[in-house]
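Me: I should like to learn how to read the features of a structure that is new to me. Could you guide me through it?

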Amino acid sequence: MKINFSKYHGTGNDFIIIDNLEGEILLQQNQIAFLCKRHFGIGSDGLMLVEKSKKSDVKMTYYNSDGTPAQMCGNGIRCFAKHVYDNGMISGKNFSVETPAGEKHIEIQTDESEKAFLISVNMGKAIFEPKEIPVVYEQEKAMDIPFKTPWGEVVISAVSMGNPHAVIEVADVDSYPYREIGPFIEKLEFYPEGTNVNFAQIIDRKNVKALTWERGSGLTLACGTGSCAVAVVLHKKGLVDKDVVISIPGGRLKVQIDDTITMTGPAVHVFDGQVQIPKEG
Ligand SMILES: N[C@@H](CCC[C@H](N)C(=O)O)C(=O)O
């Protein structure tokens, strides 16, 4: 079977987007993993299907590069929003997207030439209840929990942005052993569904440098939900303001904390193509 796809990135977090408004495309885990595989497939951090929604304007179904589903993707939803907007699948610059993490609201911000193109997503509320993240923890909030690792003690704050996150404050992201500690924390039994792992270095009250080891995708150049998780955890601890710029290897994301959290950043269309899908199994 051959299918059409589009390739996007949001601050270097890259995605394959496939239109499935007719519901004819059913991809197995190994097929998604093949498409996302660098050097062998198209290559991406994740894959999204555009689907019909009964309650919102459109529905986003998201998969990590290993083919596992995830509830939400912050960079992904901006790319998804640009795709459905540019291809006339929705009308207007404000619309809603159904995700497994609830309905998200999009605002496309353009100048008249449509050259300056930013997308804001209302990401909803951050979730701190241990059972809802989920983490195995009996107290009210799983903040500042120490864990022993082969590379020394690591202190984690757990939060959900619709998907699970660990936030670890570090003195210097670049020299931190994130390649070892990321996959170790991702698979801790403390997170029964696994977790995304964010390393955060506070620059000042409005700027944080961060890096994310993503559940199901590994090290990426950016993570939108991870950037929100970093901002909200550091704000809760009184360390940063309500408006924070998160600098990640692929660019910068603006996070505004209010009753709900708004994330703003770019989305870039890279190319379109057609690909032969390998057999299931
Ligand atoms: N890249 C994403 C998050 C994608 C999902 C994540 N790996 C998970 O399994 O929860 C983002 O920009 O938020």
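The dialogue below turns first to the ligand shell and then to the annotated residues.

Reply: Please keep in mind that this is a predicted model.

Me: How many residues surround the ligand, and which are the closest?

Reply: A shell is read by listing the residues around the ligand. Here 19 residues surround the ligand, and A70, N75, N163, G224 and T225 are the closest. By class, the shell comprises 14 polar, three nonpolar and two charged residues. Two helices, α2 (74-86) and α4 (224-236), each contribute at least two residues to the shell.

Me: Where does the ligand lie with respect to domain 1 and domain 2?

Reply: The ligand lies between them, because domain 1 (2-122 + 266-276) and domain 2 (130-258) both give residues to its shell.

Me: Which residues does the "active site" annotation cover?

Reply: The UniProt annotation, from an unreviewed entry, covers C73 and C223. They span 151 residues in sequence, yet their C-alpha atoms are no more than 7.7 Å apart, so they gather at one spot.

Me: Is C73 buried or exposed, and what does C73 touch?

Reply: Burial is judged by counting neighbours: a residue with 20 or more other C-beta atoms within 10 Å is buried. C73 has 30 such atoms within 10 Å, so C73 is buried. C73 lies in the loop between β5 (69-70) and α2. Leaving aside residues up to four places away in sequence, C73 touches G46, Y62, G224 and T225.

Me: Where is C223 found, and is C223 buried or exposed?

Reply: C223 is found in the loop between β14 (218-220) and α4. C223 counts as buried, with 36 C-beta neighbours inside 10 Å. Not counting residues up to four places away in sequence, the contacts of C223 include G74, N75 and E214.

Methods. Residues numbered from 1 in each chain as written. Predicted model: local features only at pLDDT ≥ 70, side-chain atom pairs only at ≥ 80, totals over all residues. Near = placed C-beta within 6 Å. Helix = DSSP H or I, 4+ residues; strand = E, 2+ residues; numbered from the N terminus. Nonpolar A, V, L, I, M, F, W, Y, C, P; charged D, E, K, R; others polar. Domains from an automatic or database assignment. UniProt positions renumbered as here; feature names shortened; annotations may be inferred. Buried ≥ 20, exposed ≤ 12 C-beta atoms within 10 Å, placed from the backbone. Contact = placed C-beta atoms within 7 Å.
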